[in-house]
Amino acid sequence: MDGEILRDPTRRFVLQSGAAIGGGLLLSFTMTAEGQAAGDTQVNAYVRIAPDGKVTIASKVPEVGQGIKTSLPMLIAEELDVDWSAVTVEQAIADSKIYGRQVAGGSMATTLEYDGLRRVGASVRALLIQAAAARWSVPADSLTTDRGAVVHAASKRRASYGELAADAAKLTPPDPKSLTLKDPKAFRIIGKSHKSQNLDAITTGAPTFGIDMRLPDMLYATFAKAPTYGAKVAGVDLAPAKAVKGVRDAFVVEGGTNLQSIMPGVAVVADSWWAARKGREALDIKWAEHPTAAQSSAGFTAKAAELAKAPPHRTAYNDGDVDAALKGAAKTVSAAYSYPFLAHAPMEPQNCTAQVKDGKVEIWAPTQNPEAGRALVAKALNVDPSAITIHLIRCGGGFGRRLMNDYMVEAAVIASKVAAPVKLVWTREEDIQHDFYRPAGWHNLTAGLDASGAVVAWRDHFVTFGEGETFNTSSGMNSTQFPCRAVANYRHDISVMPLGFPTGYLRAPGNNAFGFVIQSFTDELAHAAGKDPVAFRREMLGAPRLLGEPGKGDSFHTGRMRDVLDLAAEMSGWGRKVPKGTGLGVACHFSHLGYVAVVIQATVKDGATKVDKAWAAVDCGRQIVNPSGAEQQVQGSVLDAIGSALYQGVTFENGAAVNSNFGDFPLLRIADAPPVEVRFKLSDNNPTGLGEPAYPPTPAALCNALFAATGKRIRSLPIGDQLA
């Protein structure tokens, strides 16, 4: 039922109105059980209208920098017909019974919310029109609205929303499905650029993020965990930590075995975070032995090479006869690609503030997935989930890391042992060394070309992490990735090996790696065929058509991809002459319902890489809600991917991450960030999200540009000093 309000807001959700404080209008969608009166469930407003006409709109989805706290309320405000300047946005509390899905992940917010939230605004507008019709004794269909007022043109009467709010609150709301939404041609808010709701606070350094939380009598905490995931505390002398000035307490937490919850460790609670950190540094913890200590990056690489030479554990997808097609091909091309583990490394380390008092738990968390956190906390503290209140605090970056809520459980467990609110803050080292990593992977590819240079066979033996047919999180690959269904003979084989530390969702999960592999290998095939890389991709895509079943998440439209590929080529001046040592590279990829093509120009001089410029063409449907925010999301994805491709990889030894800070896990610096030009190709499809789909093609576009500049093919990330 995830997101059902958005696809059909009348199916399990009923619209309710009621008087707000101060005589304004309070409107919300409230979920009710079948046969249960709407008034029996908790009401929490999306829209509040004050007597002076000011409008407050609740944003339901966590804000992690993707701009959703601005764009979702814009949908409501547009149909409500108010000036955006009259709107104040508040972050909604975490409550799935009222708001349904409240997850910042998968670039799904716009996809799921676009229709439903517009109907929220339209429903409020309809109530206000009903109130004016009753007041003036005129038919409702004789009334219109204009920027926060109801207007009766025939009598030239006009009433502000603030004047009508109290009367509207007494009326029965309409069926949202019966309402006619605005023609996009009439939009005044949607499709216009608006700055982030928090921009002024961020740029002036106002307290905005989870790490800024302050509560009266609040204490601070650190939590030390074993370098090797899951290892228990074998022994510790707590006295040195307790002797540090400002430290209130230090204690062992037994923890458990669920890597997404609380691990064994030692908590230090103090009057200040610095005192808590000094207390933590004073500890000499002896960690118990753990089997994960036998795992390492070197061991994984050796095992992957061994598995690549052996028959695959299983075949996940098989079309045609790949072996026969390869045997009959005019030319075959084989290559092995790999990519490393990646940490998320958000600028704001993990943190959470919690208070446990009188059987109630109150949490202030920068989380992308609050309800999952609620369930973990409820289990850890043995309390009913209804006893937990979660305030959604803006995240200083997430990129998928904050879909996991281990830090939330840690804060709650520590707070349960202290008679005061507690703010837990991780160090940068803890943030990198206790992540849910993007998994590493190894792809062993072979393709066949016929005499005309067309691809007649494609085989990928993918080596990844898991046991049997179960993958570790984000370690699996959708077997229907393009060019599946576009190549007559296609096979996807899989082999797995066990992994003891956690993996998770990093921006464009899975696709962030697969785009690099598929589009880099496609480039190899283009050169083997003696064809231009853009023209070769157009040939592979073929005639505009849908591959797969309509409505399925993995269905792929070749025409939409061709359109963005052509647009990116046009934007970049593809085919133009560039200086020696400079190259243009192209890649395109479909993920999270978005089609993106990227062209990158890069220059290599004395073995050093400089990314000169990137061009991104994007098809994410028929409507861009907030153009400036959309452009920033695409630019951020491209730059994020460039940084990871150039520099990033996490190395493991003895079951523990070796990297510890930005010195050995560098981020892209401003001086190295190229300009990113973005253009959107509108198509007659439902609007979709933008936080992720521009990431997957970017590493391949960069590596393909480097090949064009140097003749050297990059098959393993990060690029590092491979061109030196």
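# Notebook: cavities, cores and odd backbone spots

I began with the largest cavity, which holds about 70 Å³ of space. The model I am reading is a predicted one. My search of the whole structure turned up 5 cavities of 30 Å³ or more.

**Entry 1. Lining of the largest cavity.** I counted 13 residues around the largest cavity. Leu342, Arg438, Asn512, Ser644 and Leu717 lie nearest its centre. Next I looked up which helices take part. Both α14 (511-528) and α17 (627-647) supply at least two lining residues. The most comes from α14, with 3 residues. I then sorted the lining by class and got 9 nonpolar, 3 polar and 1 charged residues.

**Entry 2. The second largest cavity.** I noted a volume of about 60 Å³ for the second largest cavity. Its lining includes Lys225, Asp406 and Glu410. Tyr229, Leu259, Ser261, Met263, Trp426, His434 and Phe436 also line this cavity. By class, I have 5 nonpolar, 2 polar and 3 charged residues here.

**Entry 3. Nonpolar cores.** Which residues touch the most other members of the largest nonpolar core? I found Trp458, Phe521, Leu525, Ile600, Leu702 and Ile719, in a core of 78 residues. A separate core has 48 residues, among them Trp84, Ala92, Val120 and Val625. I picked Phe521 for a further look and set aside its neighbours within four places in sequence. Phe521 is then in contact with Val333, Ser334, Ala335 and Tyr337, among others. Leu445, Thr446, Ala447 and Trp458 are also on its contact list. Trp458 thus turns up both as a contact of Phe521 and among the residues touching the most core members.

**Entry 4. Cis peptide bonds.** Most peptide bonds are trans. I logged two places that are cis. The bond from Phe482 to Pro483 is cis, with omega near 20 degrees. Pro483 sits in the loop between β22 (470-471) and β23 (489-497). The bond joining Leu717 and Pro718 is cis too, with omega about 0 degrees. Pro718 falls in the segment after α18 (697-710). Leu717 was already in my notes as one of the residues nearest the centre of the largest cavity.

**Entry 5. Positive phi.** Most residues other than glycine have a negative phi. Ser107 has a positive phi, near 50 degrees. I placed Ser107 in the loop between α3 (96-99) and α4 (109-136). Is Ser107 buried or exposed? Its relative accessibility is 11%, so Ser107 counts as buried, the cut-off being under 20%. Arg485 also has a positive phi, about 75 degrees, and is not a glycine. I found Arg485 in the loop between β22 and β23, where Pro483 also lies. At a relative accessible area of 23%, Arg485 is partly exposed.

**Entry 6. Whole chain.** I closed with the overall figures. The chain has 18 helices and 31 strands. The C-alpha atoms fill a box of roughly 80 × 70 × 50 Å along the principal axes. What radius of gyration does the chain have, against that of a compact globule? The chain has 28 Å, and a compact globule of 724 residues would be near 27 Å, so the two agree. Buried residues make up 57% of the chain. I also checked contacts with a separation of 6 or more: 75% of them link residues 24 or more positions apart.

Key: Residues are numbered from 1 along each chain as its sequence is written. This is a predicted model: local features need pLDDT of at least 70, side-chain atom pairs count only at pLDDT 80 or more; totals for chains, interfaces and linings use all residues. Side-chain values use heavy atoms; hydrogens and water are left out. On a 1 Å grid over the protein atoms alone, a cavity is a set of points where a 1.4 Å probe fits but cannot get out, and a pocket is an open set with protein on both sides within 12 Å along at least five of seven lines; lining residues have an atom within 4 Å of a point. Grid points are joined across faces, edges and corners, and a volume is the space filled by probe spheres set on the points. Helices (H or I, at least four residues) and strands (E, at least two) are DSSP runs, numbered from the N terminus. Ala, Val, Leu, Ile, Met, Phe, Trp, Tyr, Cys and Pro count as nonpolar, Asp, Glu, Lys and Arg as charged, and the others, Gly among them, as polar. A nonpolar core is a set of buried Ala, Val, Leu, Ile, Met, Phe, Trp, Tyr and Cys residues joined through side-chain atoms within 4.5 Å. Buried means under 20% relative accessible area, exposed over 50%, partly exposed in between (1.4 Å probe, protein chains only). Contact means heavy atoms within 4.5 Å. The radius of gyration is taken over C-alpha atoms; the globule rule is 2.2 Å times the number of residues to the power 0.38.
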